[in-house]
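Hi everyone, thanks for making time. I'd like to walk you through one part of a structure, so have a look at it while I talk.

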Amino acid sequence: MTHAMLKGSNVPLEATTVRAVLRWTPGQGVPDVDASALLLGPDGRVRSDEDFVFYNQPRHPSGKVWRLGKKRVAEGLTDTIQTDLPGVEPSVGRILLVASADGVPFEHVPALRILLYDAVSPDAEALAHFDIKPETGAETALICGELYRRGDGWKFRALGEGYSNGLKGLATDFGISVDESEPMEEPSASMPLPPEQPTSVPTQPAYGYPQPAYTQQPPQQSGYGYPPPAPIPVATIPNTDFRLPPQGPQFIGR
């Protein structure tokens, strides 16, 4: 049975490989939404810029956290992060699951939801889902939830913490060094949609949501403590010069 989660609630995860699926309803004036993940060390910050999995760095060097990309499903559009939990390095205690729509506030993104699936059972219903409601509507990046260690296992916590300065501001607050010499290019306010095509959608379970089918097969593989929404000065990670490229639609497998 799918757990319908409230902000701040958590559920234990028995699945070993988890798909975190961001889903929203597209339309005129709706921005493109991107899923990303930050792997945090014991101090609550990334260990290096490689701990940032996003649209231009879609796979962590460990091979245990990666971005599957965007899909059109019956309920809208999705972008997905997959994690092989047993393989995550012991020094990583939390994995933040992030949604970003730089340049356009999330008040313009209808029906934003994060769903967790057991990737080993592709036809199973969702393990949990959380409907994300921005607190002010002005947020352009959101921490939707986190995967975190608890004892020998993992849990998922629903969050919905927002940033008004986009993915760049969020990443900086968790230790990513962003080159300030080149500002990020903002995406267009309206996202071009791929043409409608016949799609085979699995039958919806009685108490859950069908999991999007992916044609790409990846290789085998507490507490809150978040910084405030406003950006704060952080120490630059030595010997790094990390740049966030222009954000935009990256549809695959149309």
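**A helix and a strand**

Let's start just past the helix: α1 is followed by Gly175, and the phi of Gly175 is positive, near 105 degrees. Keep in mind that this is a predicted model.

Now the helix itself. α1 covers residues 166-173. How many of its residues are buried? Eight of eight, so to speak a full house, and α1 counts as mostly covered. If you want to find them on your screen, they are Gly166, Leu167, Lys168, Gly169, Leu170, Ala171, Thr172 and Asp173. Notice that Lys168 and Asp173 are on that list of buried residues too.

What covers them? The cover includes several strands: β4 (34-40), β5 (52-53), β8 (94-100), β11 (141-150) and β12 (153-163).

Let's pick one of those, β8. Seven of its seven residues are buried, and β8 is mostly covered as well. Both of its faces are covered. On one side you have Arg94, Leu96, Val98 and Ser100, and on the other Ile95, Leu97 and Ala99, all of them buried.

So which strands pair with β8? β4 is one partner: seven bridges join β4 to β8, and the two run antiparallel. To see that on screen, look for Ala37, which stands opposite Leu97 in β8. β11 is another partner, again with seven bridges to β8 and again antiparallel. There, the pair to look for is Ala99, standing opposite Leu142 in β11.

That's my tour, thanks for listening.

Conventions:
Residues numbered from 1 in each chain as written. Predicted model: local features only at pLDDT ≥ 70, side-chain atom pairs only at ≥ 80, totals over all residues. Heavy atoms only, no water. Buried < 20%, exposed > 50% of the residue type's maximum accessible area, 1.4 Å probe, protein only. Helix = DSSP H or I, 4+ residues; strand = E, 2+ residues; numbered from the N terminus. Contact = heavy atoms within 4.5 Å. Pairing = 2+ DSSP bridges.
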